[in-house]
Each structure stands twice: as structure tokens, then as C-alpha cells.
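Q: Please give a close account of the strand pairing in this structure. I should also like it set beside the helical parts, with residues named wherever they help me to find my place.

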Amino acid sequence: MSNSTNPSLGYNSYLDPNMSNGENNRYTNEYEEKSEYVNGSDFRDSYSTGVGTHDSVVSEEAIIQRQPSKKLLVNNPNIGRGDSLRKLARGDSVKKIPNLDKFDPFASSGPAVTAKKPVTKIEKLQAWMINEGSRAIFFSVWIALHGLVYALAFLNYFYSDNLTNARATFGITYSIARSAALVLHVDAAMILFPVCRNLISLFRSTPLNNIIPFDENIEFHKAIGWSILFFSIVHTVAHWVNFAMIAKSGPSPIVLWLEINFATGPGATGYVMLISLLIMVATATESARRSHFNRFWYCHHLFVPFFGAWAFHGAFCMIQPDREPKCANIANFWKYWITSGVIYIGERVLREIRARRKSYISKVVMHPSRVVEIQIKKPSMTTKAGQYIFLCCPEVSLWQWHPFTLTSAPEEDYISVHIRVVGDFTKALSIKLGCNFDEELRIRKENKDRIKSQYDGIDISSNNPELQKVLPRIMVDGPFGSASEDVFKFEVAMLVGAGIGVTPFASILKSIWYRVNYPTKSTKLSKVYFFWVCRDYDSFEWFQSLLSAIEEQDIEQFIETHIYLTGRLRHSEIGNIHVNDDGNIKDTITGLRAPTHFGRPNWDKIFSNMRDQYQATDIGVFFCGPKPLGKTLHTKCNLWSQGFEDGTRFFYGKENF
């Protein structure tokens, strides 16, 4: 049979020229039946083939949607399949969609979706304040503070009657250099605060978190770093000009200029600072840090000689004022740095104290997709869902501390992390833990009696006394607060994970399950929608057992799971899904009752119907994953939030380590 015999079907992905006609007819009949069912439904509208810059056109053979068996649904009308979540993904709504002002976010491509836009200035301001207000105001105040400090300092150095000789010798570049130096002192006073994680965790649990975006602490740290680089360059270039003014009056201007730069106290300490700063910035850029984290980690500790040289940089009194006392109180860097420096040193001391408290590895589990689970017993630690910790394995490196999100619930008697083995540190750690992913298939065969399904992890430590004797020591610092910790502050929550970025939500989903089934206190949270987006279905394997356990016992459908597979499928895989899916209650790929969707989510329709179903409700949207998807969700939260009375508001939160 060929495609030409039935042109209405289009391309038949199940037609194999190597098969006999009888075998091809069997697959073609199934394809015809499925095509008639699919074409009669509106599931294709739930995915966009050209929505937004992050979406790409998916081939026709890959755009298929798992549908429940027609026979099964007819014979068993009471079967529940997460109907409300399917409606969300499909673009339907439980409630009737009200008449909205027309607004097409993607006029040139994709299905049009309506959104009610704020009309008055107050409504626009309220909508803007939901996700952008506090952050934008805080950074604007910080930038304005820089401008104010520089302007006031410049006016002082330019008009002060005690600096007449300096201005006559150097000109305006003297005022520029000294003004930039004062701004640098302000930055030095603040640069360490954002990385004082215990302090940040303490403050973010206070009402001050509504004013200052403590979850943006790393971004603030980066912003201060770029400010220090900029004003350091301004300060350095201005002094190069000043030194040239002095050198041109000597017999050998070039030699004198070099002597002033490198043979004087201010010059030598200045270059120590400048070289240290340039190395720290170069190794801390996004691409450099991700490709060589160890290099970034060690080079960033050049802040020690950087601040050390700064402490003496201004103490030489090279350019003096006109009147006595000329050099009194001139080395005042410590006055700016002392507060943040003492707190930071205190946090590093606290890390060492925590690291020496009793902790040991109780279990090591090998999961599919090169993921290892480490369960740790540390009685002195109290955690909350969504928090993260820093781990150090002295047998791998005594100096490296890496952040990992907790995947255990606070209700459990251990803490656990799931680590994907991809980098140098994780590979070395997995070897020390006894994991050998190259022989995973053999290990699974040896432990087949203890493994219920292909998705289950392999406990390689419990029944291995020899391995338990040599398990490495693990030092733990934390826990520290994160954006996901706020999930219980909302009535409705959307949890969006991409790939291994699902780890923060493992802890949250477990904690929710405990709170629902074993309630000890009331919780504001009433509904959770969990979205997991992955490129290939192998990535779902390690998390499947947890989702399956939650799904089996979540009788009230408190948690609704929705899984998206975005990678391109081969023809053989599509055929296998159709053949094995017919008549199954559980999904062929994940083994869950929740269906797997093929293609990227249409976030506009999902947000539209979330807003329609939960009117006048604050909805928390929590994300962990790559930046492009995070930027898209951030945009959608702003787009679909209503800044007027009784409007639905989407609050966006992203994990930042």
C-alpha cells in the first residue's frame, strides 16, 4: 500500500517499505483510525508551531497527541484522567470565557489569544508592580545613588578650596579619578552582602522581602561587580592622564610615567587590584563559568588580594591637599568594607562549623539518565521545601562547595539531592560513591529482583557492606532559602521544570503529599499544576517513580501533572507509542495516568485558562531551568496578570544559586 492510494491521509509515518503488504496494512489501518480521531478533535490547537521566538516548527510526524482509548472511555465513563489539566493544555476552559478586549500577542503567527489589558494608569502601575515593580525600583534607586554620589563627589573635588594645587596640576581628570574612587568605596561596602546567604535567607522570610528582591541577590552581586569594573577603568584611565601630566615635565617622560605607575605604592597596589579584578570578571562570565566552574571558583577568590591591596592603595598620600593636616584619615577603605566583610567572614566560619557537625551518607541510588541520588543523615539540620544546600566532598576537593537543591521533604528523616553526572566534580563524586553508569545495564540485571520497573533507581549501598565502609565523607552547609520556598503562600501554584531543573519541585511535591495525606497544620495551597518540559523521554525516567507514587495516592487530585516532550521522534518510536497506547490507562512513555504531550506548551492558552478558572486569585508561577524558557514564563506572567480590582495575578519566581 502506498500513500497515493489514500491521499487524504497525507504522509503515513507507519509505512515501512521493508515490510510486507499485510504488515503495512495493519499499521495503516491503525493510522487511519487514529488520524480520523485526531482530526476530529482540537488537540492540535494546544500547541503552537510558531509562537514566540523560542518556539520552532515541529515536523508533522512528531505532532501527535496521546489520546485515551475510545473503547475504554465509552465502556468506563467514570475513569479520571486529569481532565481539568487536559482542558488547560488543550485551550478549553471549565468556565465560560468572558468577553475580553482583543489583544493578539502573536499577530503574525500562531493562534490568536485574547487578553484583557489594563486601561487606566493605576491599573497599568498595579500590573507592572506584580513582577517588575520592586526589582525595577530597587535597581533604579541603586543607579540613582551611584549618580548622586559621583555628582556630589565631583562637585566637592572640583570646587574645594583645599585642592587648588591638585586641580592646577592635573585639571579635570583629578576630580574624575577621585569621584570614581568614592563610588568604588560604596560598591565595596555592598559587594559581599548579596553572597552572605544566611543573611539573605533570614531577610527573605521577613516583610522586607516585599520591598527588596532578595531572590535577585546573585544578579545584584553581578551588577555591583560590573559597576566596580566600570569605575575602576574610569579611575585608572584618569590617573594615567594625571601621571602623564607629571611625567611630561621630567627629562624622560616615558620612563618617569612607568616609574610612577609601577614603582610607587599607589601604582603597584592599583595594578594588583586591576589585574585581580580583570581575572575575576573574565572567569565569571556566563559562558566561562559554565564551561570551567573550577577555574571560576578558584579565580574568584582573588577578591582576597583585591581587597588587601585596596586597604593600602590610598594610604600613601601621593596627591596631597593644600592645608594641614594633609594626610589625616586618608586610608578610610576599612570604614566602608568592615560591616559586609565581618558578616562574610562570619558566614565562612559558620560554614566550617556546620561542615564539622555529624553527617553521613545513608543511601546511594543510581537513577536512569546518569542521575545519582544521595541520601544524607544530618540530625542538626532543619529544612523547608524548596531550599538548597552546599555540598563538599573532601576526597574530591576540600575547597569546592557546590549548590544542590534538596529533593527530600522536611517531613522525611533524611536530606537528599539528585545530581546529574555531567561535570568534572560530579563525575569524580559519582566514582567515589561507587556509581558506574557505563555498566548500568549489567547492574540492573544483577538487581532485577529489587527493581519494580525500568524507571526505578538502583540502591547500590544498602546491600553492599563493602561499599558502605568506603563511602566518602560529605560536608553540608545550609539550608538556604529560594523562590520555590514561597509556594505555600499561594492558593494555586504552577510549578514548571525543564530537564534536571525539576529537582526543586521534588521536595515541594513530596511535602505537599505529606501535608495532604498526613495534615499537621492548615495550608493555604489548594491546587498545584506541575509542568515538566524535556527534550527526550529518557529524561523522565529518574523522576517517574516519585510522580507515580504521588499520582497513586493523590485521591483528591490536589496535584495535576502535565508532561511535555519537545524532541523530534523517530518513525519507529511513534509507531510503538500508537500500538502500545491503545487501551492503556497509563501513558506509554512515562507509565503515569497523566498524558504525555508532544511539542512545546502553548503558554498563552494555558495562562488564559488558568486566569479564567481562578478569577481574583493570586497564582504563584515557580520555574527552574534554562534562561530562554524562564524569560518566556516571566513575560507570560506579566502579560496575563490583571492589575485591576478582583483581577488574577501571576507572581513569577525563579531559582537563583
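The three-stranded sheet and its setting

A: In this predicted model, three strands form an open sheet in the order 4-3-7, and their pairing is antiparallel. The edges of this sheet are taken by strand 4 (402-405) and strand 7; each has a single partner strand, so one side of each has no neighbour in the sheet. On average, neighbouring strands here are turned by 30° against each other, with direction ignored. In general terms, the strands of a sheet pair through backbone hydrogen bonds, and the pairing may be parallel or antiparallel.

The pairing of strand 7 can be followed in detail. Strand 3 (residues 388-392) runs antiparallel to strand 7, and four bridges join the two. One point of reference is phenylalanine 390, whose bridge partner in strand 7 is aspartate 477. Is strand 7, an edge strand, buried or exposed? Strand 7 (residues 475-480) has six of its six residues buried, and it is therefore largely enclosed by the rest of the structure. The cut-off behind this statement is a relative accessible area under 20%. Strand 7 thus has one side without a neighbour in the sheet, yet its residues are buried.

A second sheet offers a useful comparison. This open sheet has six strands in the order 11-10-9-8-12-13, and the pairing is parallel. Strand 11 (596-598) and strand 13 (649-654) stand at its edges; each has a single partner strand, so one side of each is left without a neighbour in the sheet. The average turn between neighbouring strands of this sheet is 20°, direction again ignored. At one edge, strand 10 (residues 559-565) pairs with strand 11 in the parallel sense over three bridges. Within this pair, leucine 565 has phenylalanine 598 of strand 11 as its bridge partner.

The helical parts complete the picture. An unreviewed UniProt entry places the feature "transmembrane region" at residues 136-159, 179-203, 224-247, 267-284 and 296-316. Two of these spans may be described from the model. Residues 136-159 are 100% helix and 0% strand, with 34 Å between the end C-alpha atoms. Residues 267-284 are likewise 100% helix and 0% strand, and their end C-alpha atoms lie 26 Å apart.

Helix 4 (residues 121-159) contributes five residues, the largest share, to a nonpolar patch. This surface patch covers about 620 Å² and is made by Leu148, Leu152, Leu155, Phe158, Tyr159 and Ile172. Leucine 148 belongs to helix 4, and its relative accessibility of 48% makes it partly exposed.

Isoleucine 233, in helix 8 (residues 217-247), is also partly exposed because its relative accessibility is 43%. Its C-alpha atom lies 9.7 Å from that of alanine 177, although the two are 56 residues apart in sequence.

Methionine 273 is located in helix 10 (residues 265-284). With a relative accessible area of 11%, methionine 273 is buried. Along the chain, methionine 273 and alanine 309 are 36 residues apart, while 6.3 Å separates their C-alpha atoms.

Note on methods
Residues are numbered from 1 along each chain as its sequence is written. This is a predicted model: local features need pLDDT of at least 70, side-chain atom pairs count only at pLDDT 80 or more; totals for chains, interfaces and linings use all residues. Side-chain values use heavy atoms; hydrogens and water are left out. Patches are made of residues with over 30% relative accessible area and no salt bridge: like charges are joined within 9 Å, nonpolar side chains (Val, Leu, Ile, Met, Phe, Trp, Tyr) within 5 Å. Accessible areas come from the Shrake-Rupley method with a 1.4 Å probe; for residues, only the protein chains shown count as cover. A salt bridge is a side-chain nitrogen of Lys or Arg within 4 Å of a carboxyl oxygen of Asp or Glu. Buried means under 20% relative accessible area, exposed over 50%, partly exposed in between (1.4 Å probe, protein chains only). Two strands pair if DSSP finds at least two bridges between them. Axes are lines fitted to C-alpha atoms, for helices over the stretch in contact, and angles run from 0 to 180 degrees between N-to-C directions. UniProt positions are given in the numbering used here, feature names are shortened, and annotations may be inferred rather than shown by experiment.
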